[in-house]
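Let's take a walk through a protein together, starting from the middle and working outwards. Have the structure open while you read.

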Amino acid sequence: MLKPLRQGLPPLDPAAVSDAASCALPARYEAVREARHFTRDTLDKWDVGDRFDDTCLVVSELVTNALRHAVPADPGCAEHAAPVRLDLMRWTERLVCAVRDPSQETPAPRDSDDFSAESGRGLFLVDSFADSWGWHPLGGTLDGKVVWALFRLRPTG
């Protein structure tokens with residue numbers, strides 16, 4: 001059974017951070033498309049095309065999971081105002097996609113033998129296409145968690 005890593009990101013040298021970009025996403029399913037466009041534009045600017053397809057697929061799955069499982073369904077709920085946030089960070093040879101949501105729930109893949117089901121395979125796709133992934137609860141005054149995926153990049157130059 002697939003188990004997410006309940007941990008922060010693997011050690012990354014902060015001095016090697018090349019770029020970072022972030023966007024808040026509304027609590028509606030159109031946000032998945034917005035997240036893909038944001039990811040495409042950002043990776044184009046960073047000239048990181050070799051992992052583009054994998055990255056967009058994983059971003060789509062992480063944002064979809066956040067919207068489906070972590071954002072309260074009650075529009076009157078105060079937590080509903082807390083946006084899902086997508087952060088993209090690039091190091092010399094690594095790219096990290098992190099999706100923040102307001103839920104404290106552990107991301108868990110569905111246990112199903114129905115391979116024809118139209119949903120329920122998102123975390124399996126994340127596990128298949130990212131080099132590693134995990135999650136950690138937010139600290140301080142922030143409620144929720146961050147689910148992240150790491151991609152290795154080809155060295156430049």
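In the largest nonpolar core, which has 33 residues, L25, V63, L86 and A149 touch the most other members. Several elements chip in with two or more residues each: β2, α1, α2, β3, β4, α3, β5 and β6. The largest share comes from α2, with eight residues. There's also another core lying apart from this one; it has seven residues, including V96, A98, V146 and W148. Keep in mind that what you're looking at is a predicted model.

Now zoom out for a moment. The protein has three helices and six strands, and from the N terminus on they run β-β-α-α-β-β-α-β-β. Out of 157 residues, 41% are buried. Take the contacts between residues at least 6 apart in sequence: 69% of them join residues at least 24 apart. As for the outside, the accessible surface is about 8900 Å², and carbon and sulfur atoms account for 49% of that.

Strand β6 deserves a closer look. It covers residues 145–152. Is β6 largely enclosed or left open? Seven of its eight residues are buried, so the rest of the structure largely encloses it. Here is how β6 pairs with two other strands:

| Strand pair | Sense | Bridges |
|---|---|---|
| β4 and β6 | antiparallel | eight bridges |
| β5 and β6 | antiparallel | six bridges |

You can pick out individual partners too. C97 has A149 in β6 as its bridge partner, while S132 stands opposite L150 in β6.

Let's go back to A149, one of the residues that touch the most other members of the largest core. What is A149 in contact with, leaving aside its neighbours within four places in sequence? The list is V58, L62, L95, V96, C97, V126, A130, S132 and W133.

Finally, find K145, which also lies in β6. Why does K145 count as buried? Its relative accessible area is 5%, and buried means under 20%, so K145 falls within that cut-off. The K145 side chain also makes a polar contact with the side chain of D101, at 3.0 Å. Not counting residues up to four places away in sequence, K145 touches A70, V99, R100, D101, S103, E105, P107, W135, H136, P137 and L138. So D101 turns up twice for K145: as a residue that K145 touches, and as its polar partner through the side chains.

Definitions and conventions:
Residues numbered from 1 in each chain as written. Predicted model: local features only at pLDDT ≥ 70, side-chain atom pairs only at ≥ 80, totals over all residues. Heavy atoms only, no water. Helix = DSSP H or I, 4+ residues; strand = E, 2+ residues; numbered from the N terminus. Buried < 20%, exposed > 50% of the residue type's maximum accessible area, 1.4 Å probe, protein only. Contact = heavy atoms within 4.5 Å. Areas by Shrake-Rupley, 256 points an atom, 1.4 Å probe, with all protein chains shown as cover. Polar contact = N/O pair within 3.5 Å; in protein donor to acceptor, adjacent residues only side chain to side chain. Core = buried A, V, L, I, M, F, W, Y, C linked by side-chain atoms within 4.5 Å. Pairing = 2+ DSSP bridges.
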